[in-house]
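Hi,

Here is the structure I promised to pass on. Have a look at it first, and then read my notes underneath.

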Amino acid sequence: MYEEAKEDKNYSNKVCLYSLLSLNSVSKNVSFLLVQGGHLSHGNFIYCFQEKGIVLAQRRLGSLESRTKFLKTIYSSKILGLSTSAKMSSKFKNAKRIEGLDSNVWIEFTKLAADPSVVNLGQGLPDISLPMYIKEELSKIATTDSLNQYTRGFGHPSLVKALSCLYEKLYQNQINPDKEILVTVGAYGSLFNAIHGLIDEGDEVIIIVPFYDCYEPMVRMAGATPVFVPLRSKPVDGRKWSSSDWTLDPQELASKFNSKTKAIILNTPHNPLGKVYTREELQVIADLCIKYDTLCISDEVYEWLVYAGNKHLKIATFPGMWERTITIGSAGKTFSVTGWKLGWSIGPDHLIKHLQTVQQNTVYTCATPLQEALAHAFWIDIKRMDDPECYFNSLPKELELKRDRMVHLLESIGLKPIVPDGGYFIIADVSLMDADLSDMENNNEPYDYKFVKWMTKNKKLSAIPVSAFCNSETKLQFEKFVRFCFIKKDSTLDAAEEIFKAWSRQKS
Ligand code: PMP
C-alpha cells in the first residue's frame, strides 16, 4: 500500500482518498505517509487531508472511534464530491496519457464569466446576430425526416461537395470531396484526428508560442514531445504595436528541426496575437518542412477574418507542401456558429485516410442537419464570392470596425494593444492598469490569471489570460498580457467601454 501511495504522482481527490482509506486499514504499521500534493500523518493521530497544498480537513484524533467518525465524514464530504464506489478502487486513477492535463483555461474562465452581470470579452464567442439564411436553412432542414438520421461518417455528401467547390477555387486545384476532405467535430476534431492519426510516441512536434492551448496537450496525449519556438516582438518605439511585429527568428526555427521532427503546427491568422503570416514567413516554414520531410498541420480557422492590407495565404498551396499539409477550417469561425461544432480537414488522400481511421473509431460521424444547413450556407456564399454581401467579405468588414473601436478604447485608458491583422482577438499589456491583486487567493498563479479573476470579480469584465497559450517555460514572458474578444454586438462593447472608462477615472 505504501509503495502504491508513493507512486501516486497525482493530486486528484481520488488518489488522496484512496490512500487515506488504505492507511486506515493498516494504520498501526504506518507512522507517516506522503502523497504528492497531500499528506496524511497518522503516527501522532493527526489526519491532515490536503489537496494542492490547501488543507481540506484536519483533525487531531484521540481514539479509534473518533478516527472512524472522521473517515465517515470524509466519505460523505461534499468537498471531495466522490461517489462511494469511487473511493474503493485504485482502478479509478487516470490513464497515464492524460496525466497533468486536467486544468483547462476555457473551463475555468467560462465558469467565472457565466455570471450574467459580467461583460464577457473572454471566450471567442460571437454575440452578434448570425446571417439570417443560416438560421432559415437549419429550421427548414429540421423538418425533413431523413436529414435527422446518421449520414456518411467522413462528411455529409452535400457538405464535402460544397467544401471541395469552395477550396478548389482557393487552391486553384481539384479537391476530391470523398478522399481529400474530412468533416469533423469542430476544428478541435480535426486537430485531434490529425495528431492521433499521424503522430507517434517518440516523435517531436514543433509548436509556435503563443499557441492555441489544446495543441500541447493533444501532442502529449499522443505520446510525442512538443518542441516550442517563440514569436518575438521587435521594438516599436513610438508607433502602434502590430501583430506583424511578432515574428519567428528563422535561425531559431531551423534549430528546432531534426530527424525526429514529425510535424509543425501552424496557426494563421493567429489566436491570440492576430498575426497573419506573410508569404516570406510561410516560405521559411515550407522550406524547412521540405528539407526535414516534415508534416504541417495548418490551423486556418480564421481564414476569412483578415483586415485591410493583409492577405491570408495557404501554406498547402506552396510548392512541395500539398502532399505534407493538413489544412483545418471551422464552421464556427466561418459563419459565427461556434455552437455547431463542425470543422474540416483538407489534404492529400495519403494523409486524410489516417485521420479518417481515427474518426471512424472515435466519434464516427457529425450531426446531419447541421452539415446539410452548412452546405446550403456555403452554396449561397460560394455563388457571390465577389459580392460585398458574401459573408466571407462582410464579416471581416464588420469586425474591422470593432477591432478599431477596441484599439481606440484600450489606448484611451493608457494601454498599448497589439493591433491584430486578423482573427477577432486583441491583446494588451494590462500591468499598467495598476490593479491591486494582493488579496487574490492563489499567489502561485501567473499575473494574468490573477488579473482576469480580479477584473471579473471587481470590475465585472472578463477576458482570457494570455499565458494560457504558452508552455510552462514561456508563461512569464506573456503573463502581463490579457486577450479581449471583439466579435461582440455594439451594446456589449458599449458596456465594456463604460467599465474601462469608470476604472480609468478612478485611477486618475
Ligand atoms: N483553432 C483555433 C486557433 C481556435 O481559435 C479555435 C476555437 N477558438 C479552434 C481551433 C477550435 O475551433 P472549433 O470550435 O471549430 O473546434
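Below is what I found, from the overall picture down to the strands and helices.

Some ground rules: this is a predicted model, where local features need pLDDT of at least 70 and side-chain atom pairs count only at pLDDT 80 or more, while totals for chains, interfaces and linings use all residues. Residues are numbered from 1 along each chain as its sequence is written, and side-chain values use heavy atoms, with hydrogens and water left out.

Overall, the protein has 17 helices and 20 strands (DSSP runs numbered from the N terminus: H or I of at least four residues for helices, E of at least two for strands). Of its 508 residues, 54% are buried (under 20% relative accessible area, with a 1.4 Å probe and protein chains only). Among contacts (heavy atoms within 4.5 Å) with a separation of 6 or more, 68% are between residues 24 or more positions apart.

Strand β12 (residues 261-267) is a good place to start: six of its seven residues are buried. β12 pairs in the parallel sense with β7 (residues 204-209) over four bridges, where pairing takes at least two DSSP bridges between the strands. β12 also pairs with β13 (residues 295-299), again parallel, over five bridges. Ala263 takes part in both pairings: Ala263 is the bridge partner of Val205 and stands opposite Leu295 in β13. With helix α10 (residues 279-291) added, β12 and β13 make a right-handed β-α-β unit (seen with the strands pointing away from the viewer, the path from the first strand over the helix to the second runs clockwise).

Further along there is an open, mixed sheet of five strands, ordered β10-β16-β17-β20-β19. Its edge strands, β10 (241-242) and β19 (464-465), each pair on one side only. β19 pairs antiparallel with β20 (residues 481-485) over two bridges, and Pro465 sits opposite Val482.

Helix α14 (residues 391-412) lies across β16, β17 and β20 of that sheet, at about 155° to β16 (axes are lines fitted to C-alpha atoms, for helices over the stretch in contact, and angles run from 0 to 180 degrees between N-to-C directions). The axes of α14 and α17 (residues 490-507) come within 11 Å and cross at roughly 5°, so the two helices are roughly parallel (an angle under 35 degrees). Their contact involves residues including Met406 and Leu409 of α14 and Leu493 and Phe500 of α17. By class, that contact has five nonpolar, no polar and five charged residues (Ala, Val, Leu, Ile, Met, Phe, Trp, Tyr, Cys and Pro count as nonpolar, Asp, Glu, Lys and Arg as charged, and the others, Gly among them, as polar).

Cheers

Definitions and conventions. Parallel < 35°, antiparallel > 145°, perpendicular 65-115°, else oblique. Buried < 20%, exposed > 50% of the residue type's maximum accessible area, 1.4 Å probe, protein only.
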